[in-house]
Amino acid sequence: MWLLVLSLLGIFEFQEMGGLASLLSAQATVVDIPVVASFNPSLQLKNKKSGIVFTFTKPYSLSDLKYLKISLWLRRWGIGFSSAGLMHPGYGEWIFSLSKGLPLFNSLSFGLLLSFYHLSIPNYESDFFFSLSPSLSFIPERFLISFILLHTNQPKTLYGEMMPLTFILGIGIPLRDGIDFYFDYEREREEAMRGGLKVAYKILYGGIGFETNPIRFTSGFGLSLNSFNFNYGLRWHPQLRESHILSLELKSSL
């Protein structure tokens, strides 16, 4: 069954963000530690906390397939680290990332993500390569706009698969107190769109999201306290079973 999953997804296609983004589908302008540490470090001007986030899921409810991600963000230095692994007894994918955010002006910041990819298949040669992904965020008071270029060096695996250059435009808009809307437009070989809506009330919040190509839906809820957040996300796939995503965030104002 796991071979069917990989044939549907391709190498390094399954990359769960974790945290709030797992509830929303749209990710580019979600100001949360996993996003800033492993995807869009140019959001560092909006991120007011340091912390570490642990994310776990069994992709598509497959018992032998596990995904674990750890994201760390150090706000004082604008530096993030992340480590993610998709693990099966006969297969393994790991991604290690280093990110840096740099403010340019009061409402404009730049980010750079350096990611190292490692692929391991028993009885085959292991693969290791890296990717560079710059980002830019415009952050006025009432909305966010981010531009992300993934895999600008377009690395190739030993098996001939290229990590294609991918452009992402993200928009985040607060509709009213406690309600935020997010939208991503992605252009790789084909176009895709993602959207999400977050609704918060006191320490509780919930989210729903969608994405196209393929059409998928997400939902979930979270609990936010002074020192930690807990998130549960549910992601549906049109050909496979659902994924249940758990995230625990330990945060600090340092």
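This passage looks at the nonpolar cores, one buried threonine and the enclosed space in a predicted model.

Start with the packing. The largest nonpolar core holds 23 residues, and those touching the most other members are Leu20, Leu24, Val30, Val35, Phe39, Ile148 and Ile168. At least two residues each come from helix H2 (21-24), helix H3 (33-38) and strand E7 (144-150). H3 chips in the largest share, with 4 residues. Zooming in on valine 30, and skipping its neighbours within four places in sequence, the contacts are Leu20, Ala21, Leu24, Val35, Leu43 and Tyr182. A separate core of 8 residues sits apart from the largest one, with Tyr60, Leu65, Ala84 and Leu86 among its members. As a rule, nonpolar side chains in soluble globular proteins tend to be buried together.

Next up is threonine 55, which belongs to strand E1 (residues 50-57). Threonine 55 counts as buried because its relative accessibility is just 1%, where the cut-off is under 20%. Its side chain makes a polar contact with the side chain of serine 247, at 3.0 Å. Leaving out residues up to four places away in sequence, threonine 55 touches Met17, Gly18 and Gly19, then Tyr67, Leu68 and Lys69, and finally Ile245, Leu246 and Ser247.

As for enclosed space, the count is 1 cavity of 30 Å³ or more, and the largest cavity holds about 30 Å³. Its lining is made up of Phe12, Phe14, Gln15, Tyr67, Ala84, Gly85, Leu86, Glu93, Trp94 and Ile95. Strand E3 (79-88) and strand E4 (91-105) each provide at least two of these lining residues. By type, the lining splits into 7 nonpolar, 2 polar and 1 charged.

Note on methods: Residues are numbered from 1 along each chain as its sequence is written. This is a predicted model: local features need pLDDT of at least 70, side-chain atom pairs count only at pLDDT 80 or more; totals for chains, interfaces and linings use all residues. Side-chain values use heavy atoms; hydrogens and water are left out. A nonpolar core is a set of buried Ala, Val, Leu, Ile, Met, Phe, Trp, Tyr and Cys residues joined through side-chain atoms within 4.5 Å. Buried means under 20% relative accessible area, exposed over 50%, partly exposed in between (1.4 Å probe, protein chains only). Contact means heavy atoms within 4.5 Å. A polar contact is a pair of N or O atoms within 3.5 Å; within protein, one must be able to donate a hydrogen and the other to accept it, and residues adjacent in sequence count only if both atoms are side-chain atoms. On a 1 Å grid over the protein atoms alone, a cavity is a set of points where a 1.4 Å probe fits but cannot get out, and a pocket is an open set with protein on both sides within 12 Å along at least five of seven lines; lining residues have an atom within 4 Å of a point. Grid points are joined across faces, edges and corners, and a volume is the space filled by probe spheres set on the points. Ala, Val, Leu, Ile, Met, Phe, Trp, Tyr, Cys and Pro count as nonpolar, Asp, Glu, Lys and Arg as charged, and the others, Gly among them, as polar.
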